[in-house]
Amino acid sequence: MTKRPGQFARRSPRAPIRRLRLCTAALLLAIFPGSMQAQVPAVGHLPPGQAAKLASKAAGIPSSKETKAVKRPTRGARQHAVKLYLRASKLFLAGKFDAARLLYEKAVALDPFNNDYRQAEEIARNHEVSALLQTAAKDQLMGNRTGAQSAIVRAYHLEPKSIEVLAHLDQLGARIASAQPRPLYANVNNILGGPVHLEYSTARHSFHIRASERQIIRQVFKAYGIEPMLDESVGANVVRMDLGDATFNQATQALGLLTDSFYVPLDAHRVVVARDTAQNRQRFMRLDLETVYLPGLSSNTMTEVTNLAKSIFSAQQVAPDPALGSLTLRAPQTDLNAFNATMHQLLNGSSQVLLDVRLLQIAHTSQRNTGIVLPQSISAFNVYAEEESILNANQALVQQIISSGLAAPGDTLAILGILLASGQVSSSLFSNGIALFGGGITQSALSPGPLTANFNFNSSESRELDDIELRLSDGQQSTLKLGSRYPIETSSYSSLSSSVPSIPGLNVAGSSSNLNSLLSQLSSSVPNIPQVQYEDLGLTLKVRPRVLRSGDVALSVELTLDALSGGSINGLPILNNRSYEGDIILRAGGAAVIAGDINSSLSRAISGSPGISEVPGLNQVSGNNIQRNYASLLIVMTPHVIRGPHAAGHSPMFRVVSIHSPQ
């Protein structure tokens with residue numbers, strides 16, 4: 001082809017298409033590298049012709065026979081395929097794998113010789129299958145089993161040979177199989193010897209039937225996979241039953257009310273149905289034996305529970321064991337279940353209060369003794385007469401002092417001073433000092449009493465804190481005691497006579513002389529046996545909590561304080577008693593405080609000279625002895641509701657319409 005001057009070279013019409021195909025293939029390879037590889041077997045040991053066929057088939061190139069059967073696409077078909085390919089690529093990038101796969105399939109149908117279209121279709125199919133499996137897993141977690149099953153089935157239609165799809169399909173089949181009713185007597189070996197449990201279908205059913213009672217009973221039980229066996233007592237009246245979206249228990253309960261019947265399981269898949277009468281229940285109902293453990297109940301409560309089982313639940317045999325806290329019942333299984341549910345509500349449904357009790361005892365004692373105590377007496381005496389009295393009373397000591405040369409024989413003052421200094425002679429007149437007046441034989445002296453200055457202070461304080469937690473049921477009374485038990489002799493017992501009965505060889509004189517003296521000692525003694533009664537001294541607190549419907553707590557409090565008064569009558573001590581009783585309403589978590597003075601005393605003694613000690617202001621200088629004693633008790637009670645009143649639940653309501661045909 002020659003190019004003329006002034007003319008442009010004419011391009012081939014296939015050039016843009018080839019460039020577009022190359023760009024699209026490069027884009028797909030960049031986005032999904034290695035996502036699709038051709039599974040080509042090893043061709044090293046195959047004949048050359050067969051290896052070429054396998055390579056061309058793996059590459060998506062039609063064989064010679066297929067080429068003859070499939071016509072070459074026209075130019076317009078190839079252009080339309082390119083447009084579909086581009087649209088599908090945009091949808092693929094947007095995450096719409098289903099729509100992209102459909103456009104890729106149309107592109108392959110228009111141009112089957114283009115290998116890029118086939119690879120793009122496989123990639124879109126793989127991504128769509130992965131998205132469906134992820135959707136199925138999400139629906140399974142959310143509880144949407146229908147959506148999960150639909151996604152797995154769609155994935156199986158797209159890739160029936162995928163290992164992941166087959167694994168999810170196996171799990172789906174296992175779930176569906178487990179929901180189906182089991183065959184008759186499938187697990188009979190596992191339930192022999194125990195209570196019979198019906199294996200009914202868990203699906204919900206709706207019933208809109210107008211037929212005889214026997215026909216309605218058969219239809220309802222068979223809808224849940226249970227085979228009913230009707231007794232002769234079941235009636236044949238025509239009734240109507242309208243019940244929507246009901247479980248097995250709801251349907252059988254409505255059926256029993258409608259037909260006045262009851263059923264008894266024979267095995268896992270069969271029941272017997274009879275008219276609800278006392279004779280039929282005694283005839284058909286099985287009696288099960290069960291031991292119910294009720295620990296912590298008192299003997300009175302155990303008796304009430306026994307009467308409840310006999311009168312309300314019609315248990316034929318009830319054997320209580322207070323020692324073990326158990327109750328053995330023999331009754332139908334339905335009655336046992338009702339009894340267990342009732343006891344569970346009675347024991348665990350009542351309110352409970354945790355009462356935090358804090359007791360603070362404060363005792364304080366103080367004593368102060370201050371001031372000056374002046375002499376209360378003054379002694380006057382003659383000095384000469386007192387000296388002569390002391391010397392005459394101690395002549396031996398006086399001679400020793402003179403002979404030793406310590407004093408001259410006529411120096412009476414020196415001799416008297418030596419005697420007083422040595423400590424051999426003492427006199428109260430000279431111990432406090434003297435004041436002399438006069439002279440000669442008439443010399444006299446004054447000796448005042450002792451002068452006392454007091455500066456004494458004693459103080460003691462004690463605090464005692466008790467923190468106690470009480471867990472009480474609603475209306476249960478608890479008693480708290482803190483203190484000691486004091487023995488008080490109320491009476492004594494002794495024999496009426498001190499005589500000992502005559503026993504030969506014992507109270508009659510024997511060979512030993514000591515026997516008579518021993519018997520005389522025993523016969524003269526009278527045995528005395530005391531009768532003692534113990535009294536509780538200290539604090540006694542009785543509390544009874546009641547939980548109100550508003551959530552508040554009402555406390556009934558009884559407080560008693562017993563102590564010894566210090567006095568006695570006929571040898572028996574006198575007791576002081578203080579008590580408090582009342583009701584307190586608190587919010588849960590609020591605190592109630594009870595405070596009181598156990599003991600409080602104040603005493604003051606003034607010692608000094610008459611007149612001076614009575615003058616205001618001057619009496620503070622005199623001796624003051626002040627004693628203060630007081631003891632206080634503080635009780636803080638804080639209730640906490642750890643189990644409040646529960647609202648009563650209600651079962652779903654349904655309506656039963658019964659139409660009986662005239663007899």
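Okay, let's start with one residue, E121, which sits in helix α6, the stretch covering residues 115-142. Keep in mind that this is a predicted model.

So, is E121 buried or exposed? E121 counts as buried, because its relative accessible area is 12% and the cut-off for buried is under 20%. And what does E121 touch, once we leave aside its neighbours within four places in sequence? It is in contact with R101, Y104, E105 and V108.

Let me zoom out for a moment. The chain has 663 residues, and 28% of them count as buried. In secondary structure we get 19 helices and 19 strands. If you take the contacts between residues at least 6 apart in sequence, 67% of those join residues at least 24 apart. As for the surface, the chain exposes about 43000 Å², with carbon and sulfur atoms supplying 54% of that.

Now, on to a sheet. This one is open, with three strands in the order β2-β5-β4, and the pairing is mixed. At the edges you find β2, residues 227-230, and β4, residues 261-265, each of them pairing on one side only. From one strand to the next, the twist averages 30°. A quick reminder: strands in a sheet pair through backbone hydrogen bonds, and that can be parallel or antiparallel.

Which sense do we have between β2 and β5? Those two pair in the parallel sense, over four bridges, with β5 spanning residues 270-275. If you want a spot to click on, go to E227, which stands opposite R270 in β5.

There are helices to look at here too. Helix α10, residues 213-223, lies across β2, β4 and β5, and it runs at about 155° to β2. Then there's helix α11, residues 248-259, lying across β4 and β5 and running at about 135° to β4.

Last stop, back to the surface. Which residues form a nonpolar patch there? I372, L374 and L451 do, and together they have about 260 Å² of accessible area. Of these, let's pick out L451, found in the loop between β12, residues 444-448, and β13, residues 452-473. L451 counts as exposed because its relative accessible area is 57%, and the cut-off for exposed is over 50%.

So we've gone from E121, buried in the model at 12%, to L451, exposed at 57%. That's my tour, thanks for listening.

How values were computed. Residues are numbered from 1 along each chain as its sequence is written. This is a predicted model: local features need pLDDT of at least 70, side-chain atom pairs count only at pLDDT 80 or more; totals for chains, interfaces and linings use all residues. Side-chain values use heavy atoms; hydrogens and water are left out. Buried means under 20% relative accessible area, exposed over 50%, partly exposed in between (1.4 Å probe, protein chains only). Contact means heavy atoms within 4.5 Å. Accessible areas come from the Shrake-Rupley method with a 1.4 Å probe; for residues, only the protein chains shown count as cover. Two strands pair if DSSP finds at least two bridges between them. Axes are lines fitted to C-alpha atoms, for helices over the stretch in contact, and angles run from 0 to 180 degrees between N-to-C directions. Patches are made of residues with over 30% relative accessible area and no salt bridge: like charges are joined within 9 Å, nonpolar side chains (Val, Leu, Ile, Met, Phe, Trp, Tyr) within 5 Å. A salt bridge is a side-chain nitrogen of Lys or Arg within 4 Å of a carboxyl oxygen of Asp or Glu.
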